[in-house]
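Subject: A structure for you to explore

Hi there,

Here is the structure I promised to pass on to you. Please open it next to this email and follow along as you read.

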Amino acid sequence: KADVKPADVAAQRGGQTSSAPAPEPTAATPLNEQQMARATEIYFQRCAGCHGVLRKGATGKPLTPDIAHAKGFDYLRSLIYFGSPAGMPNWGTSGDLTDEEIDLMANFLFIEPPQPPEWGLPQMMETWKVLVPVDQRPTKKENDYNTDNIFSVTLRDSGQVALIDGDTKEIINIVETGYAVHISRLSHSSRYIYVIGRDGKVDLIDLWMKTPDRVAEVKIGIEARSVETSKFKGYEDKLAIAGSYWPPQFVIMDGPTLKPIKIVDTRGPTVDTQEYHPEPRVAAIVSSLEHPDFIVNVKETGRILLVDYSDLEALTITTLDAARFLHDGGWDSTKRYFLTAANESDKIAVVDSRERKMKALVDVDKIPHPGRGANFVHPKYGPVWATSALGNEKITLIGTDPEGHAEHAWKVVQVLKGQGGGSLFIKTHPKSTNLWVDTALHPADPSQSIAVFDINNLDAGYEVLPLAEWADVGPGPKRVLQPEYNMQGDEVWFSIWNTMNQTSAIVVVDDKTRKLKKVIKDERLITPTGKFNVYNTAHDVY
Ligand code: DHE
């Protein structure tokens, strides 16, 4: 085991609980070429998403060498090992990284970050492949699946997605994709699934094939998280967009083939201090139903771009000033307002997609992380959208009905207390009265269970369902992650996300009775994380 002292860890967590002296800074050990390559790889796979390729920080703190020198080797090693309640994963105690790898990463932070190459159209074209040309694809659905109820399940560490039949709970196909797929999004017609890997690879799956499978692929960057499709009337299933973390840019593609068409750089000044930022990464993207717009969150500049795709040769981009660092978000129930987290500023930004303007910046507490959020009708305040948080147990409800409930619109109307910080996702469904809140990154017991509130009696608090225990998968950290409804809205699916060498599972809960309905276990379900129901994703039901 690494030589870490609990007192040191307490000291890093704000120092409130420890009077122990800070650890003596220790000099870092230089790395040889092989160690450097390994550290760069681990950094890309585990760290860059939060801390940035250039280590300037965003969801995670900045990690430039000056900071490493100020903090010292022991401090960094302890933090990587144990994590922190502010959202830093416990890479050591979870078993994700070995003691040797943790030492390697702590040392790596003392070295200037290597800058990855740019990735323009020539690089994209070299990786672009149409595996099944459009004219050789089915002209109608060639299978008997209820494709609207298929779930595309990210198998994070195996570079695949599992297509699971929501009706029978059988695996239809395991599709090879990019590394550590982040999300799946649907074309407007629900025929095509677009999958984006952390390595920037986009894969296109055709659900009309006898066995749904890939029909095209392209690598749009070196690191990426988001993909979306055009949904405005007249543009259904025509275009796709993918945003990348590195290079900081987005690319608009032909929908059915993934042929890259237009690349736009996002580098520029930040919204508040107006200083140049070399790495403003593209976070969540949604597709407007009000205009032919992609709505693009640029994390580090704190700006939201309305990218009008009606004329790709004279692209018009409207820039809205929001706040740093923009991350994830979703629509209100009318799909006119986009609510999105600016996590470092502790705000929810609200965009009016009809007027193409910022509507509000709502203060919340602390590090909001809604996923797509949850929409429901509050017995007292009318339609609300809810987010949970990484930094504390608060679940914040924001009024979203400026017409029927003007006095509550874009205001925090209620704050519920959940199981604790480390929450990533919250979910309900128009047909349900349950509000499900995970605490997947909580460093202790709450990561093993789910909290469920009754929407009609929110003051009564929550019930805890021990989903990791129900899954009975044996040893490992097995975090309970991301509620996702089936198409009918009567089942909720959860990932029991274990490490690669341990058993993971998907637990299906009956929404009405809150009882276990099915545990889906299969040796092919390696590290399942995000689950995307075709119907709910295509229609933004959440
Ligand atoms: Fe995510 C959504 C970025 C870590 C699972 N994640 C998103 C989105 C972004 C993002 C920008 C919104 C995409 C959109 O809507 O267009 N995620 C990041 C990170 O930068 C971060 C913090 C660190 C990283 O290295 O990637 C990160 N995310 C994770 C995980 O560790 C999770 C839990 C497991 C995994 O598979 O990597 C994870 N992120 C998800 C999921 C969604 C998501 C399941 C989509 C939720 C939805 O309901 O739509």
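Let's begin in a loop: Phe-325 is found between strand E18 (316-321) and strand E19 (326-331). Before going further, please keep in mind that this is a predicted model.

**Around Phe-325 and strand E19**

The peptide bond that leads from Arg-324 to Phe-325 is cis, and its omega is near -20°. Just after that loop comes E19, and here is something to check on your screen: how many of the six residues of E19 are buried? The answer is six of the six, so E19 is largely enclosed by the rest of the structure.

E19 has a partner in strand E20 (residues 337-342), and the two pair in the antiparallel sense over four bridges. One bridge you can look up is that of Leu-326, whose partner in E20 is Ala-342. Together E19 and E20 make a hairpin, with five residues between the two strands. Within that turn, Lys-335 has a positive phi of about 65°.

Ala-342 also appears in a distance you can check yourself. Its C-alpha atom is separated by 14 Å from that of Cys-50, although the two positions lie 292 residues apart along the chain count. Cys-50 belongs to helix H2 and is partly exposed, with a relative accessible area of 33%.

**The ligand and its iron atom**

Helix H2 takes us to the ligand. Which protein residue is a donor to the iron atom of the ligand? It is His-182, whose NE2 atom sits at 2.0 Å and is the only protein donor. You will find His-182 in strand E5 (residues 181-186). A polar side-chain atom of His-182 also lies 2.8 Å from a nitrogen atom of the ligand.

The ligand is surrounded by 23 residues, and the closest are His-182, Arg-185, Arg-198, Arg-225 and Tyr-245. By type, this shell divides into eleven nonpolar, seven polar and five charged residues. Several elements supply at least two residues of the shell each: helix H2 (33-51), E5, strand E9 (223-229), strand E15 (282-287), strand E31 (479-485) and strand E35 (528-533).

Backbone atoms come into the picture here as well. A backbone N or O atom of Gly-49 lies 3.1 Å from an oxygen atom of the ligand. For Ile-285, a backbone N or O atom is likewise 3.1 Å from an oxygen atom of the ligand.

**A sheet that includes E31**

Strand E31, which you just met in the shell around the ligand, is also part of an open sheet. Four strands form this sheet in the order E31-E32-E33-E34, with antiparallel pairing. Its edge strands are E31 and strand E34 (516-520), each of which pairs on one side only. On average, neighbouring strands of the sheet are turned by 20° against each other, with direction ignored.

As a reminder, strands of a sheet pair through backbone hydrogen bonds, either parallel or antiparallel. For a closer look, take strand E33 (residues 505-510) and E34, which pair in the antiparallel sense over four bridges. There, Val-507 has Val-519 in E34 as its bridge partner.

**Some backbone details in loops**

A further cis peptide bond joins Trp-246 and Pro-247, with omega about -15°. Pro-247 is placed in the loop between strand E10 (239-246) and strand E11 (249-254).

Next, look at Leu-258, in the loop between E11 and strand E12 (260-265). Its phi is near 70°, which is a positive value in a residue other than glycine. Is Leu-258 buried or exposed? Leu-258 counts as buried because its relative accessibility is 0%, and the cut-off for buried is under 20%.

Arg-356 is not a glycine either, yet it has a positive phi of about 60°. Its place is in the loop between strand E21 (347-352) and strand E22 (357-363). Arg-356 is partly exposed, with a relative accessible area of 22%.

The side chain of Arg-356 makes a polar contact of 2.8 Å with the side chain of Asp-293. Asp-293 lies in strand E16 (residues 293-298) and counts as buried, at 2% relative accessibility. This contact therefore links a partly exposed residue with a buried one.

Have fun looking around, and write back with any questions!

Best wishes

Terms used
Residues numbered from 1 in each chain as written. Predicted model: local features only at pLDDT ≥ 70, side-chain atom pairs only at ≥ 80, totals over all residues. Heavy atoms only, no water. Donors = N, O, S within 2.8 Å, 3.2 Å for Na, K, Ca; no water. Near = heavy atom within 4 Å. Polar contact = N/O pair within 3.5 Å; in protein donor to acceptor, adjacent residues only side chain to side chain. Nonpolar A, V, L, I, M, F, W, Y, C, P; charged D, E, K, R; others polar. Pairing = 2+ DSSP bridges. Axes fitted to C-alpha atoms, helices over the stretch in contact; angles between N-to-C directions. Buried < 20%, exposed > 50% of the residue type's maximum accessible area, 1.4 Å probe, protein only.
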